[in-house]
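Visitor: I am new to this model and would like a close look at a single part of it. Please take one pocket and go through its lining.

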Amino acid sequence: MSRNTQHIPGVERIAVLRANGIGDLMFALPALEALRGAYPAAKITLLATPWHKALIEGRPGPVDEVVTVPIWRGVREEAGVAEEAATIDAFFEEMQGRRFDLALQLHGGGGNSNRFVSRLGARVSAGLRAPGAPALDLNVPYVYYQSEVMRLLEVASSVGAVPVSLEPSLALTSADRSEAEAVLPADGRPVALLNPGASDPRRRWPASKFAVVGDELAKVGARVAVIGGPDDEALGDDLVQCMHEPADYLVGRLSLGGLAGLLGRCRLLVSNDSGPLHLAAAVGAATVGIYWCGNLINAGPAFRTRHRPLLAWRLECPVCGLDCTRTSCNHDASFVADIPESEVVEAALEHMRSTGATDD
């Protein structure tokens, strides 16, 4: 943590910007818990997106409310939706009227997000700053290859918030569990989930290889189910069609809360590096994760009792040969396809035998 920590006096209202993906929110939970511990009486407002609001509001945790941010380049973007100056102005007028004592930027290097946070008008601003980004009152250097959890805890520590936990933790609700039970009723078998999707195609292990793992899990008595969002239907279809053993097809059938409920009662999730993998870890599930080696630095779990990350060491694009640790290309070929099925099967079966994982 930063040695230049300082507890800000008189903090009653805190704004935190974190308006990106599911995994990104999970990585921010320890920092939010640290803020809650350092400022127990303050109201913490998460500035985020509509799905954050649906998932977080009303759920036990460090956040008191979620406010949806407007469309703003580099902060919140939606395909086909343009920025509206009047909407942006109205948002900031409302936020400035709340007179935040502290505003934290946990949304990347700050090229766009630091301007956003500065416009909130908080008494003190703090956050990440990459070279060339606008300065806040308190700045933590943004260097890409760093654990996201530690990166955000470092920002929290700059305002005197020491870590409460090093692992993300998301509380489940009765609604989460009820939805999961309605979609996949318990039948006494341990549940093993397969998630073949990932927002970046380069992080996707082939569906045919997931199928091999699914078959082996089914052979040892697991109830295998395939999960994913609506955009993962083609991947889910391919996976099920490649399997020889039966599997439940749950792609697109669960809300985010329902997915959390299902992950919370499964024995194991086998997944690409993606939102569901990090959500699973936050609700206490055991995981076998498929990672590109560079992504493990940023997104990998800290501990190994519940989590087995398996790595692809490919550095060059399979199509053009460009070293993607230093720059990037426009090709979508998988960087993780070379991970052998045998490694994933071995790690998955080890979890199935473990008494430390959660049963159905």
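How do the residues of the lining of the second largest pocket divide into nonpolar, polar and charged?

Guide: This is a predicted model, in which local features need pLDDT of at least 70, side-chain atom pairs count only at pLDDT 80 or more, and totals for linings, chains and interfaces use all residues. Residues are numbered from 1 along each chain, and side-chain values use heavy atoms, without hydrogens or water.

The lining of the second largest pocket (an open set of 1 Å grid points where a 1.4 Å probe fits, with protein on both sides within 12 Å along at least five of seven lines; lining residues have an atom within 4 Å of a point) has 15 nonpolar, seven polar and four charged residues. Gly counts as polar here, while Ala and Pro count as nonpolar. Of the 26 lining residues, Pro-168, Ala-299, Gly-300, Pro-301 and Ala-302 lie nearest the centre. The space in this pocket is about 310 Å³, taken as that filled by probe spheres set on the points.

Helices H1, H5, H10 and H11 (DSSP runs of H or I, at least four residues; strands are E, at least two) each supply at least two lining residues, as do strand S11 (287-292) and strand S12 (307-312). H11 gives the most, with four residues.

For the largest pocket, the volume is about 1400 Å³. Among the 47 residues of that lining, Ser-199, Asp-200, Arg-203, Ser-274 and Gly-275 are the closest to the centre. H1 (22-38), H5 (148-157), H9 (256-265), H10 (275-282) and H11 (293-299) give two or more residues each, and H1 gives the most, with four. By class, that lining holds 17 nonpolar, 19 polar and 11 charged residues.
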